[in-house]
Structure formats: structure tokens, C-alpha cells
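The following exercises concern a predicted model. Each one sets a task and then works through its solution step by step.

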Amino acid sequence: MKKKEKRQIASKFRLNLLFFVIFLMFASLILRLGFVQIVKGEEYSEETKATTTTTYKWNAPRGKMYDREGRVVVENEPVYTLTYAKPEDDSNSSLLKTAKKLANLITIDTSEVKDRDKKDYWIQLHEEEARAKVTNAEREKLDDDEEYRLLLKRITDDELNSITNQEMQIYTIKSKMSQDVASASRIKEGLTTEEIAKVNENLDSLPGIEVKLDSKRKYPYGDTFRQIFGNIAQIPAEKSEVYRANGYDLDDTVGKSFLELQYEQLLRGQKEEQVYEKNRQGVYTSQSKVKSGEPGKNIVLTIDMDLQQKVEKIIEDELKKEPTADGAYVVMMNPNTGEILSMAGKTREGATIKDETYGAVYNAYAMGSAVKGATVLTGYEAGVIKPGSTFLDAPIKLKGTPTKKSYTNMGIINDLKALERSSNVYMFHIAMAIGQYDYDTKSGFKNPELAYSKMRKYFAQFGLGAATGIDLPKEATGYNGGVQKLGNLMDLAIGQFDTYTPLQLAQYVSTIANDGKRMQPHFLKEVRKANETSFADSELLDTFTPKLLNKIDMDQKEIERVQEGFRQVMSGSQGTATNYFGNAPYKPAGKTGTAQVYDGKGGYDYNLTLVAYAPYENPEIAISVVVPTVDHDSSSINKNIGRKIMDEYFGRSQSTNE
């Protein structure tokens, strides 16, 4: 066969092969198309309808707080906040790098950094120098904790002062970034316009950093009652699951203490949510929707801020006049409803007088003779005395116990005179009778446990040694000295053994003023719907209903007997407070108190107290005043404070002892 014919045959073969391959490709394509349209058609059709959903949330304003007169006392202020959420790379070096960059963009307060923290940072900055402060010989004898404590002691003030302000800025920022919180850490609240601009310009090089529109609490009355309002804070990591289960996002701020925590569920708002749906073509669908948010509810407190400010000033002025007093506390409440009208406290730190309002709820003291009304009523209820019972007020001598007596020998006195003149001996006889001790034969007191429990059981009916029920997350109930000697039981009867809080003391006198009815003290008065236009026009959602905790189980005439004794304290010819309240037009009743307390130096200080209510026939206000650890018992600071705050409440300005 010629070469030309062979080439033609080969060419035809290749052409036919090419056509065959093309045929197979088209056949495969047709089969695939049929499979897609027939078998997968429905599935792909659904995919073309698939959407992506994005949800945006906007914080709702937290509810405001108002005083009883409708004056706003806690509100919200918009601020920009710098936050940090941990990225995947949150190593120590990464944190430090970001902190250094931020220190050039913002200014942060370093005044709260403690010396211990500064020492830790100095160690980080000077590792070799720090290590050289402990010798190898010392290191061999010490464990890690002991070595660390020794190192801290050897860091000098000059070395701490060598840390520059810029380095402290970096350390503080890094510390805030390292906080153990449920979500993003708040680095700085209240960014300036310039800081916002600088940070936003550098966000690409600041992993985890974000600027958010936030809000913080604002207090129109400054520090007045500030401690009891409480604080808000980020959700702590250890409670994240609890808050998440209750519908919170982990970057929310929540009530952390006092009223903010107590009424978190009322004050928190419901966030506005916008849900957007897009199809694969990036087109918004008709399913996009908005879930309306709702501001937190406003709460109206029982506090009168005008009265509160005046009470705080009175306390501060009187502390300046009595330099030996460590502080003073006042509680003013309506004995019929339990409404707290004012609660104030001040403490002395060197030459400075600072707020310590929470001390009225959490600090407990021996209250002295102010509790004698409870002792007399306990004597009635226990059946060891009756109205008109008399005892000889003369020194009492017990084996192994210092002589127990009143400040003067009063002779034979009844229950009314015992209250008016504040007889210790009368109360001692009540305690001995409750302990079944016969003073004449010097025998008895065979069941101390029963005697102590009986005395405390009756005291608790007035709120002394028991929870008052105040609407705060927690409260103190004082110190129970346990079961001791007969002499200690006698001290209990005059308020010099167990300790009580100023709030308990106020509830006790309110119970006497209210004919034996112990009411729950409370701060919440009303709940109202948020209304930015006018408080007066805001919708009333709920009103606090006064709660009776218990009624003293005794004859009304016995309660009236103690009420009369309290009246004589304030206006009787021998009343211990007559010189201070005898001319008060609002006709008060009450009881003074002085408790001798060991000063830790071999001597004694004195807790000076006062309980009172007015008007005597129809009480509308009850008070307790507690001035602890005054170094002499001749001071009248408790009575001066009591007279002046009562004058303020009743709209008077004159006082007999100014």
C-alpha cells in the first residue's frame, strides 16, 4: 500500500475517534442534565429559596429610680465604651501588644491600682532584677509562695516609683483585658470624641477591640444615698449560665448590689430585635421583621431625698462637734407601713467624714438601754412582772461577777419609773426572774439555755436579733453571744451583750409605736411604666402593699404601759431625754441608751443610742440613732441628732440644745 493511502486511513480513524469522543461527552452532559432536572430538581429548587438570617439587637434603657415626691434620683446617661472580646490569639504577648497600642490612643484612670499590683508589674518589667532579690540559698529553703512574698517585701518604693505613667496605663489596660467575664471586657467607659476617632482609625490592628454605644447610671443628687442605690456591672463568668437561661446576652450589664440587684427584673429593659432575611441573590425577603423593645420599668422609692440630704448634713455637722465619735447612723421609718423615709450613715477616717449608709443595715452594736422597752414587755409576756410591779433599785452582788447597779440608787421604783429614769437594776430583776434565779436565797438559774432562748425569743418579736425583712439582697442580724453566765443574761436585758443593727433598732421602736405590730421595712413604694415626658403622667403598674410580719402576743394595756414609759422619757420630770425633747411640739416618745464597750486598750468607749417616735398618740415617724465608740458617756450627740432630724421631719427649725 502506498504511503499516501496509509496516511488517509489514519486520518479518517483519528477523525472518527474524535467524533466518538464528542458524542460521549454530549451524551454524558445530556444524562447529567436530565439527572439534575428530574432527580435533583426539587432539591436545588429549595436551595435557591434558602435565606440567611441576621439578627440585630439594641439595648433598651434601664429603668429609672424616683424618690417618693417624684424626683428622679437615678437615670441613664449615654456613653461610648471601649470593649475587648478575646480573639483566637489571646496569648499574653498578644494582650500586651494590644494594650501598648491602646495606651497611645486613650487615657485611662490608674489611681485605683494597688501597690501589690504595681509590684507584680515591676516584676514583669524587671525579671532579672527581681530574681536577683532572692539568693539561691534562700530559694532552696522556700516554697514558691514564700519566695514570692519575700520578693514583694524587697521591692522598694523607689523601684515602684520608677514605673512611668505610660507603663501604668499599659498595665491597667492589660489587666482590664484579662478580666474573667462572661463576654467582652469593658476597658473604658466614657470615651472622648478624640479617643473614639483614634481607636476607630486603628481597629484593623486592634484584635478584639470595639467601640460600643452604651449607657451608665447618672445620679442627680451626687453621693446622697448612693450606696443603697447600688451598682451595675458586667455579668460575671461564674453566673453566665444563670443569666443566659433568663434571657440575657452575656455582654449585658446587670444589677450588682443593693437596690439595683434587688429589683433587677423590674429595672432591666427588653431589647429591640430586628431580624433580616436575605435570599441567595442578596435580596431582603418579606420575612424581615422587628420585635419591639421596651424600656425597663421605673421604680418609686419611699425615700424623701430632701429629708435625706438634711439628715446627712445633720449627722456630719454633729460629728464635727464631737471629734471622739467614730461615726453615726440614722434610720427614719413610718411605723404603720414600714416605709423607709431616710437612712443615713457617716464614718470618720482621719480628718475626713465619709458616707457609710450601708452601715445602718450591716453594722451591729451593743445598743444599751434603748432596748429596755423590749425587756419590760418581755417581763410582762413571760409573766415575771405585771404593770405596776416594783423592785428596789440598789446594787446587786453575784458571786464571781462585778457589782451590777444603775448609774444611781433609785430606791423602790415601778416599771414606768424604770423606763423614765433608765434603771438597770429593774431590768436585772426581770432577767433573774426569767432565769428562775432567787436573789434572796442566791439559788436557781439551773437551765441557762432556756433562760437565754426565752429572752431572745421575745426580743425577736420586735426584730431584735432577727431579720427585719428589708428589701435588699441581704442584711445583717447582729451578734448572738450564746449561752453564758447569769450576769451576761442580765447584761442582755440592758442591751450590753447581743448586738443589733440600726435598722433592727428602728423596727423595734416602730413595733412599740404601732401597738405591737411589726411591719416589714421597705424601700419600694411604686412601680411605673417608663414615660420620658412626665413622671406624673406615667402609668402606675403596682404599689407595694405593707406587710405585717407578726403581732406581739400580749394585752394592749401592757403595750400602752411601755408607750407611756417612753413618753415620760421624753417629757417626764426625771426623763433622761426631757432636756432635749420636753418642749417638742410634736409630742415624742422614746428611749435613750448608753452601752459600755471595751476599747481594746484596757479602757472603755460608749455606744450612744436613741429610739423615738411621734406624735405619741398617732405615730407617723419612728427613728433610731446610733453613735458608736464615743470615748466618754457625757456626750449628747445621739440626742442632738435625734432632736434635729425630728424637727426637720415635722418642719421645725428650733431646738433647745443648739
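**Exercise 1.** Determine whether Gln-436 is buried or exposed, and describe its backbone.

*Solution.* Step 1: the relative accessibility of Gln-436 is 62%. Step 2: a residue counts as exposed over 50%, so Gln-436 is exposed. Step 3: Gln-436 is placed in the loop between helix 19 and strand 18. Step 4: its phi is positive, at about 55°, although Gln-436 is not a glycine. Step 5: most residues other than glycine have a negative phi.

**Exercise 2.** Examine Phe-225 in the same manner: where does it lie, and is it buried or exposed?

*Solution.* Step 1: Phe-225 is found in the loop between strand 5 (209-218) and helix 11 (226-229). Step 2: Phe-225 is not a glycine, yet it has a positive phi of about 60°. Step 3: the relative accessibility of Phe-225 is 0%. Step 4: buried means under 20%, so Phe-225 counts as buried.

**Exercise 3.** Establish how far helix 21 is enclosed, and identify what covers it.

*Solution.* Step 1: helix 21 comprises residues 486-493. Step 2: Leu-486, Gly-487, Asn-488, Leu-489, Met-490, Asp-491, Leu-492 and Ala-493 are buried. Step 3: since eight of the eight residues are buried, helix 21 is largely enclosed by the rest of the structure. Step 4: the cover over these buried residues includes helix 17 (372-382), helix 19 (424-434) and helix 20 (448-460). Strand 15 (396-398), strand 16 (401-404) and strand 18 (437-438) are also included in that cover. Step 5: just after helix 21, Gly-495 takes a positive phi of about 75°.

**Exercise 4.** Describe the surroundings of two buried residues, Tyr-248 and Gln-563.

*Solution.* Step 1: Tyr-248 lies in the loop between helix 12 (240-245) and strand 7 (253-255). Its relative accessible area is 5%, so Tyr-248 is buried. Step 2: leaving aside neighbours within four places in sequence, Tyr-248 is in contact with Ile-235, Tyr-243, Val-254, Glu-264, Gln-265 and Arg-268. Step 3: Ile-235 is 13 residues from Tyr-248 along the chain, and their C-alpha atoms are separated by 9.2 Å. Step 4: Gln-563 belongs to helix 23 (residues 556-571). At 9% relative accessibility, Gln-563 counts as buried. Step 5: with neighbours within four places in sequence again set aside, the contacts of Gln-563 are Ile-512, Ala-513, Asp-515, Ala-589, Tyr-613 and Tyr-616.

**Exercise 5.** Locate the cis peptide bond that involves Pro-615.

*Solution.* Step 1: Pro-615 lies in the loop between strand 25 (604-614) and strand 26 (621-630). Step 2: the cis peptide bond joins Ala-614 and Pro-615, with omega of about -15°. Step 3: most peptide bonds are trans.

**Exercise 6.** Which residues gather with Asp-144 in a patch of negative charge?

*Solution.* Step 1: Asp-144 is in helix 7 (residues 144-154). Step 2: Asp-144 counts as exposed, because its relative accessibility is 64%. Step 3: Asp-143, Asp-145 and Glu-146 gather with Asp-144 in this patch on the surface.

**Exercise 7.** Summarise the protein as a whole by its elements, burial and contacts.

*Solution.* Step 1: the protein has 25 helices and 26 strands. Step 2: of its 658 residues, 47% are buried. Step 3: among contacts with a separation of 6 or more, 71% are between residues 24 or more positions apart. Step 4: the accessible surface comes to about 33500 Å², and carbon and sulfur atoms account for 48% of that surface.

Note on methods: Residues numbered from 1 in each chain as written. Predicted model: local features only at pLDDT ≥ 70, side-chain atom pairs only at ≥ 80, totals over all residues. Heavy atoms only, no water. Buried < 20%, exposed > 50% of the residue type's maximum accessible area, 1.4 Å probe, protein only. Helix = DSSP H or I, 4+ residues; strand = E, 2+ residues; numbered from the N terminus. Contact = heavy atoms within 4.5 Å. Patch = residues over 30% accessible without salt bridge, like charges linked within 9 Å, V, L, I, M, F, W, Y side chains within 5 Å. Areas by Shrake-Rupley, 256 points an atom, 1.4 Å probe, with all protein chains shown as cover. Salt bridge = Lys/Arg side-chain N within 4 Å of Asp/Glu carboxyl O. Lys, Arg positive; Asp, Glu negative; His and termini not counted. Charge placed at Lys NZ, Arg CZ, Asp CG, Glu CD.
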